[in-house]
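Here are a few exercises to work through with the structure open beside you. Try each task before reading its solution.

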Amino acid sequence: ASRVVVASRNYADFANEATFEIKKCDLHRLEEGPSTTAVMTREEGLHYYKTMQIIRRMELKSDQLYKQKIIRGFCHLYDGQEACCVGIEAAIKPTDHVITAYRAHGFTYARGVPVREILAELTGRKGGCVKGKGGSMHMYTKNFYGGNGIVGAQVPLGAGIALACKYFGKNEVCLTLYGDGAANQGQIFETYNMAALWKLPCIFICENNRYGMGTSVERAAASTDYYKRGDFIPGLRVDGMDVLCVREAVKFAAEHCRAGKGPIVMELQTYRYHGHSMSDPGISYRTREEIQEVRSKSDPITLLKDRMVNNNLASIEELKDIDVAVRKEIEEAAQFATTDPEPPLEELGNHIYFNEPPFEVRGPNQWIRYKSVS
């Protein structure tokens, strides 16, 4: 009998790194911008790919659990925008600070919270990252300040965090994110003014996914050049569907802030595949064809996958193995999120304030009182 020898590729067959041409950023009040080339190592590429796939699958699982009425209340999904949070996290330090709006699941994961804790928070369980008390819009971890439900209100909070960064002199920056729908809020312009006057190390980032709820940017804003909205503050407009573009732009912006030059405004041009929230089918104000065109031409995961395969940083089979492992991780996390117990009623008054003396909290029944604990 003849033997068939199958040659399998090992890690030594792959390149360690590759250099890529990336889209030039549009600039406002800047003589030079981020580099138009980016070096990505094989290890970095595999990490970005896995992280984006986890966020994508986590959001699709959230969609499923919501439709099964296991997740209740508000729920805003992030699929399509994965390159934004992954590129941002790749460019900053764990000691830097991030605050965002209610579309927060991707940032929560990128900042280090495990999938099972995110899904358990969505289902209101004890094992959630804030013990089942925050839900979709209110997730936190070290140096990550949420998930904030009031449109635009996180922007002045982010400037406050940046003020603390400057006050303590640790050379840290705060990345303050908001959407195009929040970009016309008055409090944002008040915050720009204070941040510029005080030269705060704050990167203001507008995630422009082209629709504020069901209204296109063209119908909502007289000027859609969100990166110029700071007027006297320098700005960048970035391809938010390319993880390398985002990474290089945020590196540039962080260096600008750390050099004591004050704030910078960044606009990430991105796209959400789901509706504004789970109550929005997402196709009454845009067509299915538009969504499909973005998916086919600009999907952040597909773009990264093609780059890695075409530049010998990974094989299709290796990336498929990652996909299988990710699906398994998401299913296990969902199993935990649907079987973990809900927090008991006695914990209603716990963790209202950090490090404060306990006090009495009136429960749902006004004659029942609970003692809070820190």
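**Exercises on rings and a cavity**

Phe189, Tyr192 and Phe204 come together as one aromatic cluster. Keep in mind that this is a predicted model.

**Exercise 1.** Classify the geometry of the ring pair Tyr78 and Phe107, and say whether Tyr78 is buried or exposed.

*Solution.*
- Start from the full set: the structure has six aromatic pairs.
- For Tyr78 and Phe107, the ring centres are 5.7 Å apart and the planes meet at 65 degrees, so this pair is edge-to-face.
- Next, place the two rings: Tyr78 is in the loop between H1 and helix H2 (82–91), while Phe107 is in helix H3 (residues 105–110), and the pair links distant parts of the chain, 29 residues apart.
- Finally, check accessibility against the cut-off for buried, under 20%. Tyr78 has a relative accessible area of 0% and is buried; Phe107, at 2%, is buried too.

**Exercise 2.** Now do the geometry for Tyr167 and Phe168, and decide whether they are buried or exposed.

*Solution.*
- Their ring centres lie 5.3 Å apart with planes at 85 degrees, so the pair is edge-to-face.
- Both Tyr167 and Phe168 are exposed.

**Exercise 3.** Which helix gives the largest share of the lining of the second largest cavity?

*Solution.*
- This cavity holds about 30 Å³ of space.
- List its lining: Met241, Asp242, Val243, Pro300, Leu303, Leu304 and Arg307.
- Helix H10 (residues 300–310) gives the largest share, with four residues.
- By type, the lining has five nonpolar, no polar and two charged residues.

Key. Residues are numbered from 1 along each chain as its sequence is written. This is a predicted model: local features need pLDDT of at least 70, side-chain atom pairs count only at pLDDT 80 or more; totals for chains, interfaces and linings use all residues. Side-chain values use heavy atoms; hydrogens and water are left out. On a 1 Å grid over the protein atoms alone, a cavity is a set of points where a 1.4 Å probe fits but cannot get out, and a pocket is an open set with protein on both sides within 12 Å along at least five of seven lines; lining residues have an atom within 4 Å of a point. Grid points are joined across faces, edges and corners, and a volume is the space filled by probe spheres set on the points. Helices (H or I, at least four residues) and strands (E, at least two) are DSSP runs, numbered from the N terminus. Ala, Val, Leu, Ile, Met, Phe, Trp, Tyr, Cys and Pro count as nonpolar, Asp, Glu, Lys and Arg as charged, and the others, Gly among them, as polar. Rings of Phe, Tyr and Trp (its six-membered ring) pair if their centres lie within 6.5 Å; planes under 30 degrees apart count as stacked, over 60 as edge-to-face and the rest as tilted. Buried means under 20% relative accessible area, exposed over 50%, partly exposed in between (1.4 Å probe, protein chains only).
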